[in-house]
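The following note is offered to a colleague who is beginning to read protein structures. Please keep the sequence and the 3D view open while working through the points.

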Amino acid sequence: MSLPTDPVANLAALIRCPSVTPSEGGALVALEAMLKPLGAEVRRPVFSEPGEADVENLYARVGTKPPHLMFAGHTDVVPPGDEDAWTHPPFAAQIADGWMFGRGAVDMKGGIACFVAALARYAEQHGAPEGSVSFLITGDEEGPAVNGTEKLLAWAAAAGERWDAALVGEPTCIEALGDMIKTGRRGSLSGRITVTGRQGHVAYPHRADNPIPGLLALASALIAEPFDEGTASFQPSNLEITSIDVGNPAVNVIPGRASAAFNIRFNDRWNAETLKAEIARRLDRAADEARRRFGRAAPLAYELEWRERPSPVFLTRDEKLISALSASIEEVTGRKPELSTSGGTSDARFIKNYCPVVEFGLVGQTMHMVDERVALGDLETLTRIYLRFLEDWF
Ligand SMILES: N[C@@H](CCC[C@H](NC(=O)CCC(=O)O)C(=O)O)C(=O)O
Ligand SMILES: [Zn+2]
Ligand SMILES: [Zn+2]
């Protein structure tokens with residue numbers, strides 16, 4: 001049986017599966033077919049949650065002995081958007097001018113394709129690893145992440161799986177392959193404030209109570225002062241107002257309710273509880289000021305709701321893992337990667353509860369965009385980096 005040593009062929013097979021989250025789209029079937037010739041024991045658990053779509057996941061292990069390295073990632077992809085705007089169809093894996101085009105090319109079917117190829121080359125050159133390699137692959141990273149990595153980890157751990165370290169293949173590089181490793185991520189917390197007034201005619205405002213000025217005062221108070229100036233390992237926390245919702249199609253009606261949604265990306269100066277307290281403090285102060293400013297009898301009344309499941313902030317402190325990965329990158333590319341905690345959250349936030357985790361993958365410049373694409377040369381280089389890392393690890 002031939003081994004899947006070619007990352008370009010592996011990626012083409014994966015891109016041709018339209019696995020727009022939460023659909024499996026054939027991607028896990030294709031991955032299983034690549035892993036079987038490597039002697040992997042493959043399991044495909046489906047997880048459910050009321051109110052959410054069922055999601056297919058994959059856990060595969062090559063080898064039975066320690067040390068045990070986990071490679072983690074996702075085969076689900078974001079929707080292609082306007083398919084007519086793509087230079088090449090999003091699920092065709094067409095190659096032009098040294099690039100492979102397709103949804104998931106960098107985020108992150110490309111990372112999976114390279115890791116499979118690296119493990120196949122390892123097997124060809126050195127035989128079976130003196131230890132184990134697992135693939136922990138979800139179909140629910142781009143979605144709500146309810147039926148994905150978190151449950152897959154718990155399911156595997158309940159079956160006795162233990163890991164010494166994990167590598168997540170998300171596209172961490174900024175400009176050139178090898179320029180960045182992610183060693184942690186900021187946390188994420190979302191909420192919504194609602195002000196209830198009284199609906200009425202715009203020409204008779206004294207008979208109504210417009211909730212919008214009060215809501216704007218509250219929303220402004222949230223962003224008036226910085227939360228911090230950053231910490232030794234993280235950029236400053238930031239709060240963004242992500243939506244203002246009134247739902248009023250009429251020009252002559254004062255609406256009865258107005259609400260605003262916000263999201264905070266926070267560093268290790270905070271946790272979800274201390275941030276919630278700070279937000280409540282800012283809102284209460286603004287509500288009291290609104291009493292004076294708008295001549296109200298009492299502080300402005302508002303409701304504050306928090307979205308469930310905030311993401312925690314985390315930092316990997318395993319120097320051995322980080323320096324082994326950095327050395328592999330430097331050896332293959334000549335670049336010394338920056339260790340960074342910038343950007344969004346990732347499923348590493350779940351993995352860090354089980355073992356040290358770092359993230360390294362392709363250049364993410366086109367992720368989620370029309371014409372997502374990967375340089376063929378980067379696929380070969382990333383495969384060599386992962387192979388070098390495996391050789392060092394075992
Ligand atoms: N399923 C997640 C979705 C949120 C994850 C998302 N992460 C990125 O966009 C990664 C990009 C990067 O590496 O900078 C985010 O940060 O919102 C969920 O649970 O909501
Ligand atoms: Zn991703
Ligand atoms: Zn993504």
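1. Are histidine 74 and aspartate 107 buried or exposed? In this predicted model, both residues are buried. For aspartate 107 the relative accessibility is 4%; because buried means under 20%, aspartate 107 falls in that class.

2. Histidine 74 and aspartate 107 also serve as donors to the zinc ion (ligand 2). The protein donors are His74 (NE2), Asp107 (OD) and two OE atoms of Glu170, at 1.9 to 2.7 Å from the ion. The angles subtended by the four donor atoms run from 53 to 149 degrees, so the arrangement is irregular. As a point of reference, four tetrahedral donors would ideally give angles of 109.5 degrees.

3. Along the chain, the donors of the zinc ion (ligand 2) follow the spacing H-x32-D-x62-E. Histidine 74 belongs to strand β5 (residues 68–74), whereas aspartate 107 sits in the loop between β7 (99–101) and α3 (109–126); the pair therefore ties together parts that are 33 residues apart in sequence.

4. A further metal ion deserves attention. The zinc ion (ligand 3) is 3.5 Å from the zinc ion (ligand 2), and aspartate 107 coordinates both.

5. The UniProt record, an unreviewed entry, places the feature "binding site" at Asp107, Glu142 and His368. These positions are spread over 262 residues of sequence, yet they cluster in space, with a largest C-alpha distance of 10.1 Å. Asp107, Glu142 and His368 are also part of the lining of the largest pocket.

6. The contacts of these residues may be followed in the 3D view. Beyond its neighbours within four places in sequence, aspartate 107 is in contact with residues including His74, Glu142, Glu170 and His368. Glutamate 142 is located in the loop between β8 and α4 (149–158). With residues up to four places away in sequence set aside, glutamate 142 touches, among others, Thr21, His74, Asp107 and His368.

7. Strand β4 (residues 58–62) merits a separate look. Five of its five residues are buried, so the strand is largely enclosed by the rest of the structure. In a regular strand, side chains alternate between the two faces of the sheet. On one side of β4 lie Leu58, Ala60 and Val62, and on the other Tyr59 and Arg61.

8. Which strands pair with β4? Strand β1 (residues 41–43) does so in the antiparallel sense over three bridges, with glutamate 41 opposite arginine 61. Strand β8 (residues 132–138) also pairs with β4 in the antiparallel sense, over five bridges; there, phenylalanine 135 is the bridge partner of alanine 60.

Notes
Residues are numbered from 1 along each chain as its sequence is written. Chains are lettered from A and ligands numbered from 1 in the order in which they are written. This is a predicted model: local features need pLDDT of at least 70, side-chain atom pairs count only at pLDDT 80 or more; totals for chains, interfaces and linings use all residues. Side-chain values use heavy atoms; hydrogens and water are left out. Donors are N, O and S atoms within 2.8 Å of the metal (3.2 Å for Na, K and Ca); water is not among the atoms, so sites may look incomplete. Four donors count as tetrahedral if all angles lie between 85 and 135 degrees; four count as square planar and six as octahedral if opposite donors are over 155 degrees apart and all others between 65 and 115; anything else is irregular. Helices (H or I, at least four residues) and strands (E, at least two) are DSSP runs, numbered from the N terminus. Buried means under 20% relative accessible area, exposed over 50%, partly exposed in between (1.4 Å probe, protein chains only). Two strands pair if DSSP finds at least two bridges between them. UniProt positions are given in the numbering used here, feature names are shortened, and annotations may be inferred rather than shown by experiment. On a 1 Å grid over the protein atoms alone, a cavity is a set of points where a 1.4 Å probe fits but cannot get out, and a pocket is an open set with protein on both sides within 12 Å along at least five of seven lines; lining residues have an atom within 4 Å of a point. Contact means heavy atoms within 4.5 Å.
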